[in-house]
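These exercises go with the structure shown below. Work through each task on the model before reading the solution.

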Amino acid sequence: MPPTATREDITAYLKLVEKNQIKPHRLPDCTQCGLAACYFKIHAYRERRFLIIVDMTVQPEYAPLVRFRCPACKKTVPYYPDFALPHKHYTRQSIMGFTGNYFASDTITYQQAVMDMEQFSVAGYPGGEKSLAPSTVHRWVTALSKLVHTTQTALNLIGQENPATRAYRDLAQLTIANGKYKHPSRKKQLLSCLRLITVEAFFKATFNLSIFTNLAIRCAFT
């Protein structure tokens with residue numbers, strides 16, 4: 001089955017929202033006035049549609065994103081649950097999973113990256129009129145490539161915890177096959193995305209945690 005968050009993941013988050021257990025402590029301090037995030041107050045709840053994959057079918061689930069406000073300067077900032085990424089409807093598990101597929105070998109195309117190689121099929125929408133598009137993975141690669149600060153912060157933490165880590169050496173050896181890009185700017189994006197995926201694997205091995213979303217939230221998804 002393709003990677004995805006589950007209904008249970010979203011239901012568990014909904015219960016936390018209902019019990020008012022979503023706290024701002026994981027957010028970065030206010031970027032406008034510097035007030036510590038622990039003083040932020042809930043400002044609003046905005047319903048968000050998330051797309052999960054069930055039996056190779058893309059299905060919508062709905063959950064509110066909590067938005068906090070700095071009481072000092074009134075700046076607002078959203079809180080993202082573990083399965084969510086900014087401005088994305090598909091869940092973080094799907095985005096990372098399908099993007100990882102694309103980098104699994106030098107010859108895999110975006111078309112192949114969206115396929116379930118066991119069933120040789122692509123997750124589709126109800127009615128069969130639409131399916132997960134290869135261009136969607138292309139956009140995900142672009143979005144993930146922008147998390148440079150998150151990647152570097154995670155790498156620094158890995159190095160502090162395990163000075164003998166192979167992460168630095170493995171990152172230095174990363175390459176992008178010529179067939180994956182046409183312009184140097186795209187090569188740079190691909191390499192940045194691959195660095196994130198590689199550091200995520202080391203981060204999980206080191207801390208038994210994902211970069212997402214505690215660290216990514218603290219880094220403001222940059």
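**Exercise 1. The largest pocket**

Which element gives the most to the lining of the largest pocket, and with how many residues?

Solution. Keep in mind throughout that this is a predicted model.

Step 1. Locate the space: the largest pocket holds about 410 Å³. Its lining consists of 19 residues, and those closest to the centre are Pro 86, His 87, Leu 147, Ala 220 and Phe 221.

Step 2. Look for elements that supply at least two lining residues; strand S3 (76–79) and helix H4 both do.

Step 3. Pick the main contributor. H4 gives the most, with 3 residues.

Step 4. Sort the lining by class: 15 residues are nonpolar, 2 are polar and 2 are charged.

**Exercise 2. The second largest pocket**

Find which residues lie nearest the centre of the second largest pocket, and state which element gives the most to its lining.

Solution.

Step 1. The volume of the second largest pocket is about 250 Å³.

Step 2. Of its 15 lining residues, Tyr 90, Tyr 125, Thr 136, Arg 139 and Trp 140 are nearest the centre.

Step 3. H4 makes the largest contribution to this lining, with 4 residues. H4 also gives the most to the lining of the largest pocket.

Step 4. The class count for the second largest pocket is 7 nonpolar, 5 polar and 3 charged residues.

**Exercise 3. H4 against H7**

Is H4 roughly parallel or roughly perpendicular to H7? List the residues through which the two helices meet.

Solution.

Step 1. Take the two helices: H4 covers residues 134–144 and H7 covers residues 184–207. Their axes are 8 Å apart and the packing angle is about 75 degrees.

Step 2. Compare the angle with the cut-off: values from 65 to 115 degrees count as roughly perpendicular. H4 is therefore roughly perpendicular to H7.

Step 3. Read off the contact. On the H4 side are His 138, Val 141, Thr 142 and Leu 144. On the H7 side are Arg 186, Gln 189, Leu 190, Cys 193 and Leu 196.

Step 4. Classify these residues: the contact has 5 nonpolar, 3 polar and 1 charged.

**Exercise 4. The sheet**

Work out the strand order of the open sheet, then identify its edge strands and the helix that packs on it.

Solution.

Step 1. Start with S1 (residues 41–54) and S2 (residues 57–69), which pair antiparallel over 13 bridges. Ile 42 has Phe 68 in S2 as its bridge partner, and Arg 46 stands opposite Leu 65 in S2.

Step 2. Check the connection. S1 and S2 form a hairpin with 2 residues between them, and Asp 55 in the turn has a positive phi of about 50 degrees.

Step 3. Go on to S2 and S3, which run antiparallel and are joined by 4 bridges. Arg 69 has Thr 76 in S3 as its bridge partner, and Phe 68 stands opposite Val 77 in S3. This hairpin has 6 residues between its strands, and Lys 74 takes a positive phi near 75 degrees.

Step 4. Assemble the order: the open sheet of 3 strands reads S1-S2-S3, with antiparallel pairing. S1 and S3 are the edge strands, each pairing on one side only. Neighbouring strands are turned against each other by 25 degrees on average, with direction ignored.

Step 5. Add the helix. H1 packs on this sheet and touches S1 and S2, and its direction makes about 25 degrees with that of S2.

**Exercise 5. The cavity**

How many cavities of 30 Å³ or more does a search of the whole structure find, and which residues line the largest cavity?

Solution.

Step 1. The search finds 1 cavity of 30 Å³ or more. The volume of the largest cavity is about 30 Å³.

Step 2. Its lining is made up of Leu 16, Val 17, Asn 20, Gln 21, Ile 22, Ile 42, Tyr 45 and Val 66.

Step 3. Assign the lining to elements: those giving two or more residues are H1 (7–18) and S1.

Step 4. By class, this lining has 6 nonpolar and 2 polar residues, with no charged residues.

Definitions and conventions
Residues numbered from 1 in each chain as written. Predicted model: local features only at pLDDT ≥ 70, side-chain atom pairs only at ≥ 80, totals over all residues. Heavy atoms only, no water. Axes fitted to C-alpha atoms, helices over the stretch in contact; angles between N-to-C directions. Parallel < 35°, antiparallel > 145°, perpendicular 65-115°, else oblique. Contact = heavy atoms within 4.5 Å. Nonpolar A, V, L, I, M, F, W, Y, C, P; charged D, E, K, R; others polar. Pairing = 2+ DSSP bridges. 1 Å grid on protein atoms, 1.4 Å probe; cavity = no way out; pocket = protein on both sides within 12 Å on 5 of 7 lines; lining within 4 Å. Points joined across faces, edges and corners; volume = space filled by probe spheres on them.
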